[in-house]
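Visitor: Could you take me on a close look at a single part of this model, and then carry on from there to whatever else is worth seeing?

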2 protein chains.
Amino acid sequence: MSVTYRKDLSRAVEDYLKAIYELQRGRQQVSTSALAERLGFASASVTGMLKKLHAQSPSLVKYQRHRGVTLTQTGEKIALEIIRHHRLIELYLIEALGYSWDEVHEEADRLEHFISESFEDRIATFLGEPEVDPHGDPIPTKEGYIAVSASTRLSALQVGESGRITKVLDEDPELLRYLTKLGLCPQAVVTVTQRDPFGGPIHIQTDAGATQMLGDRVTDSVYVELVQ
Amino acid sequence: MSVTYRKDLSRAVEDYLKAIYELQRGRQQVSTSALAERLGFASASVTGMLKKLHAQSPSLVKYQRHRGVTLTQTGEKIALEIIRHHRLIELYLIEALGYSWDEVHEEADRLEHFISESFEDRIATFLGEPEVDPHGDPIPTKEGYIAVSASTRLSALQVGESGRITKVLDEDPELLRYLTKLGLCPQAVVTVTQRDPFGGPIHIQTDAGATQMLGDRVTDSVYVELVQ
DNA sequence: TAAATGAATTAGTCGCGCCTAAAACGTGGA
DNA sequence: TCCACGTTTTAGGCGCGACTAATTCATTTA
Ligand SMILES: [Mn+2]
Ligand SMILES: [Mn+2]
Ligand SMILES: [Mn+2]
Ligand SMILES: [Mn+2]
């Protein structure tokens, strides 16, 4: 019976681990400056924290000066726990309290650090142990398993190809409201009808029949899986 | 049009203001040591914080060296806002997530500092703008009005007198579970059938017909209003 | 009225997590 | 191969909110 004991971590530490996890997608090392950029801190501050996270035992990150950082198993487990909190909370706010999907990210980004295990369990039960959040992101299990998605950016589709939206980036409320207006939410199917050269807009047709031109800010924020 | 602008306050500051409010009941000054005792800090730490709260503008407390502290209007407004959060959250956890009344205090004591105004409004609406929390404490309105209760301790009842329970102290889960077992929750009516001298137990009869001897730890934690 | 006592304050310290400025590192182009 | 430039780290500092130890204050009692 392995009791998973975990000391209380500060919000700061949890945010670093989550940010490293999110930047690590694909890449095998996360740079100090990328992390600083994402967290909105000076690089020097990040270096200091990375040394601390590395020095802990068990250490939460693997960090080599000038080489970047990766999560250890322990660190990844914690990151996934916070991400589970975040995504469960987002969905709960919509399902139970009538938030719209552009309002939930900010609230979840705070509350994710302060709910108890019991609260987590209860909202998960209320929601029926859901597997994806309102923006299409998979919700890690309590054991720290997370589904991998093979989807690509909408911007990668060629003319004539169709894709079913799997997820959209959730950090910009403005963008989410725009996507709502266009009906571009998970499960919707879009077909690329035209591509203009040199990073010009992509023309799409939605399953509702509407046509639309989308800039790359949008098409880079929407992920799809190919259909047909 | 007076827009109530309020800078972000730390959890520490909010906890001080709430503690001062709660200790101020009746008393006109709160002592450094009483505050230190309640917050679990060294007195020296409390002195330091009081000086800071006093120095702010607008100042949140009136503090005179060696004379104790009271809340200013501004400070009281903030304390009531946090208390509103606390009591709404307690009730919400029970009504929406199936918590029992002995589990909610701890969770609410944390979350009260981190929910948004929007979250507050939504749970208040969900709950139907409730006026009391699960332990019988009044919930301040959004405008900072709080109902005053004229209730007395159960320990003050004389033999033959009956009281309807208005509220119970909510900080000790153990005690709350004991009260649950005895059916001593708000609205229940109890009659004192015997009092033993020298702080001995008080014998009561509940409206369910059961009789019980209660020590002063219990009878000091239960508040009643006289009936008949 | 002066000494004793307990409460409160001051003085100094510490860990956390951020900052800026200066130094050091590592790498791609000449 | 080496130098210039961008990245990263080091050095030093700051506000916050706790701590302990030493001191001062207010009040009570002799
Ligand atoms: Mn966060
Ligand atoms: Mn999301
Ligand atoms: Mn609190
Ligand atoms: Mn309560």
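Guide: Let's begin at B:Ser162, which stands opposite B:Val227 in strand 8 of chain B. This is a predicted model, so please read every distance below as computed from predicted coordinates. B:Ser162 falls within strand 4 of chain B, residues 162-168, and that strand runs antiparallel to strand 8 of chain B, with 6 bridges joining the two. Strand 8 of chain B, residues 222-227, has another antiparallel partner in strand 3 of chain B, residues 152-153, and here the pairing extends over 2 bridges. Within it, B:Arg153 has B:Tyr223 as its bridge partner. If you follow the side chains along these strands, a general point helps: in a regular strand they alternate between the two faces of the sheet.

Now let's cross to chain A and its metal site. The manganese ion (ligand 2) takes its protein donors from A:Glu90 (OE), A:Asp133 (OD), A:His135 (ND1) and A:Asp170 (OD), at 2.1 to 2.4 Å. Along the sequence these donor residues follow the spacing E-x42-D-x1-H-x34-D. A:Glu90 sits in helix 4 of chain A (residues 73-97), while A:Asp170 is in the loop between strand 4 (162-168) and helix 7 (173-182) of chain A, so this pair ties together parts that are 80 residues apart in sequence. Both A:Glu90 and A:Asp170 are buried.

For the wider layout of chain A, the division is into domain 1 (3-75) and domain 2 (152-227). The centres of these two domains, taken over C-alpha atoms, are separated by 33 Å.

Our last stop is DNA strand C. It is surrounded by 21 residues, the closest being A:Ser10, A:Ser45, B:Ser33, B:Thr47 and B:Tyr63. Of the DNA atoms within 4 Å of the protein, 81% belong to sugar or phosphate, and the rest to bases. Three contacts to phosphate oxygens are good to inspect. A side-chain N or O atom of A:Ser10 is 2.5 Å from one, a polar side-chain atom of B:Ser33 lies 2.6 Å from one, and B:His66 uses a polar backbone atom, at 3.0 Å. The elements giving two or more residues to this surface are helix 1 (11-24) and helix 3 (43-55) of chain A, together with helix 2 (32-39) and helix 3 (43-55) of chain B. Sorted by class, the surface near DNA strand C has 10 polar, 8 nonpolar and 3 charged residues.

Definitions and conventions: Residues are numbered from 1 along each chain as its sequence is written. Chains are lettered from A and ligands numbered from 1 in the order in which they are written. This is a predicted model: local features need pLDDT of at least 70, side-chain atom pairs count only at pLDDT 80 or more; totals for chains, interfaces and linings use all residues. Side-chain values use heavy atoms; hydrogens and water are left out. Two strands pair if DSSP finds at least two bridges between them. Helices (H or I, at least four residues) and strands (E, at least two) are DSSP runs, numbered from the N terminus. A residue is near a molecule or strand if one of its heavy atoms lies within 4 Å of it. A polar contact is a pair of N or O atoms within 3.5 Å; within protein, one must be able to donate a hydrogen and the other to accept it, and residues adjacent in sequence count only if both atoms are side-chain atoms. Ala, Val, Leu, Ile, Met, Phe, Trp, Tyr, Cys and Pro count as nonpolar, Asp, Glu, Lys and Arg as charged, and the others, Gly among them, as polar. Domain bounds come from an automatic or database domain assignment. Donors are N, O and S atoms within 2.8 Å of the metal (3.2 Å for Na, K and Ca); water is not among the atoms, so sites may look incomplete. Buried means under 20% relative accessible area, exposed over 50%, partly exposed in between (1.4 Å probe, protein chains only).
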